[in-house]
Amino acid sequence: MKDFTDKLIYITGGSSGIGLATGRLLASLGADIVLLARQAAPLEQARALLEGNKKTGRQKIRILSVDVGKPTEVSERMKQAVDSFGAPDILINSAGINKYADHFENITPDMFDEVMKVNVNGVRNVTHALLDPMKEKKGQVVILSSAAALFGMFGYSTYAASKSALTGFAESLRYELKPLGMQVSIIFPPEVDTPMNIDEAKTLPVQGKAMKQMAGTLTPAYVAKVIVKAIAQKKYFVIPGMLTRAFYLLHRLSNGVLTRTIADMVVKQAGRGKA
Ligand SMILES: NC(=O)c1ccc[n+]([C@@H]2O[C@H](COP(=O)([O-])OP(=O)(O)OC[C@H]3O[C@@H](n4cnc5c(N)ncnc54)[C@H](OP(=O)(O)O)[C@@H]3O)[C@@H](O)[C@H]2O)c1
């Protein structure tokens, strides 16, 4: 894999799941890393893990507490971070939540806003705060979307809306950054075995659980490899997992007719006996 020595990489959501696994892989490939999330204790634990993954003793692993959903806090903390650590060569936007995976009729305006604030505004806030300092380095911006943005899913009206918004964001940003020599990558994983799914399982309807199983579950380490490869090869649109890529191909070729027909059958079967 590509060597990332002397590359400075900021990872939001770096204390857990996909962000943490990507940080660990990049540390093993020589990168200097800044992990960003809200809670101090998981950040400290993550830093200790990355220290153990480092390729050389010269590498710096830093942590910074920030709530990506708060624009003023983000711009202040990112300015401090750039002043203290330097501008990132690569920004990985992995912070995200999926707290209210439920029937749409159970979703209040506050629940919807909370998810959008972290998943959409959070990516906006951090990318906006770091964009100017990253220009000189011709930096790369990576955005974690989801397979839910490609297909939609039963129980995901809130989460899928937030992840689909990132597609439009990334498509537009790509046009603006390409002339500056900067790269955007957007990643669409199916289910990944991380703490996020513990939260989600509390409310996700059985039909949603059945739909998710169609694409299988990936490990965070596998997705981290896909992300690092996308960065190294400067790929824009990246779907981890053969099964999800095959479904997406089928979806595009049939204009969604085949994939919706299959998913409708899965939903019907799972929902037998349910309202
Ligand atoms: N797991 C999946 O099945 C899956 C599938 C497709 C896409 N994704 C996407 O991949 C990304 C990573 O997911 P994951 O599964 O790795 O999640 P995870 O294990 O739950 O980790 C989420 C990370 O985001 C941070 N975070 C949450 N809210 C934040 C906020 N307001 N400000 C700053 N940091 C915040 C968390 O730390 P704090 O709570 O301490 O802030 C944590 O570090 C997300 O964008 C997710 O939507 C996940």
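What is the volume of the largest cavity? About 40 Å³, and keep in mind that this comes from a predicted model. A search of the whole structure turns up 2 cavities of 30 Å³ or more, so let's take them in turn and then move on to the ligand and the sheet.

**The cavities**

Around the largest cavity sit Thr 12, Val 68, Asn 93, Ser 94, Ala 95, Val 118, Gly 122, Val 123 and Val 126. Helix H4 (residues 109-135) gives the most to this lining, with 4 residues. The second largest cavity is lined by Asn 98, Tyr 100, Ala 101, Val 115, Gly 155, Tyr 156, Thr 158 and Tyr 159, and about 30 Å³ of space lies inside it. As for chemistry, the lining of the largest cavity has 5 nonpolar residues, 4 polar and no charged, while that of the second largest has 5 nonpolar, 3 polar and no charged.

**The ligand**

Now for the ligand, which has a shell of 29 residues, with Ser 15, Ser 16, Arg 38, Tyr 159 and Thr 194 the closest. Tyr 159 turns up here and also in the lining of the second largest cavity. By type, the shell splits into 14 nonpolar, 11 polar and 4 charged residues. Several elements each supply at least two shell residues: helix H1 (17-28), helix H6 (157-177), strand S7 (191-192) and helix H7 (196-201).

Here are some polar contacts to oxygen atoms of the ligand:

| Residue | Protein atom | Distance to a ligand oxygen |
|---|---|---|
| Gln 39 | backbone N or O | 3.0 Å |
| Ser 94 | backbone N or O | 3.0 Å |
| Asn 197 | side-chain N or O | 3.3 Å |

How much of the ligand does the protein bury? Taken alone, the ligand exposes 890 Å², and the protein buries 94% of that. Ser 94 is a residue to look at twice, since its backbone contacts the ligand and Ser 94 also helps line the largest cavity.

**The sheet**

The strands form an open sheet of 7, in the order S3-S2-S1-S4-S5-S6-S9, with parallel pairing. Why do strand S3 (61-65) and strand S9 (237-238) each have one side without a neighbour in the sheet? Both stand at the edges with a single partner strand apiece, so one side of each is left open in that sense. Further in, strand S4 (residues 90-93) and strand S5 (residues 140-144) run parallel and are joined by 4 bridges. Ile 92, for instance, has Val 142 as its bridge partner in S5. Asn 93, a residue of S4 (residues 90-93), belongs to the lining of the largest cavity too.

How values were computed
Residues numbered from 1 in each chain as written. Predicted model: local features only at pLDDT ≥ 70, side-chain atom pairs only at ≥ 80, totals over all residues. Heavy atoms only, no water. Near = heavy atom within 4 Å. Polar contact = N/O pair within 3.5 Å; in protein donor to acceptor, adjacent residues only side chain to side chain. Areas by Shrake-Rupley, 256 points an atom, 1.4 Å probe, with all protein chains shown as cover. Nonpolar A, V, L, I, M, F, W, Y, C, P; charged D, E, K, R; others polar. 1 Å grid on protein atoms, 1.4 Å probe; cavity = no way out; pocket = protein on both sides within 12 Å on 5 of 7 lines; lining within 4 Å. Points joined across faces, edges and corners; volume = space filled by probe spheres on them. Pairing = 2+ DSSP bridges.
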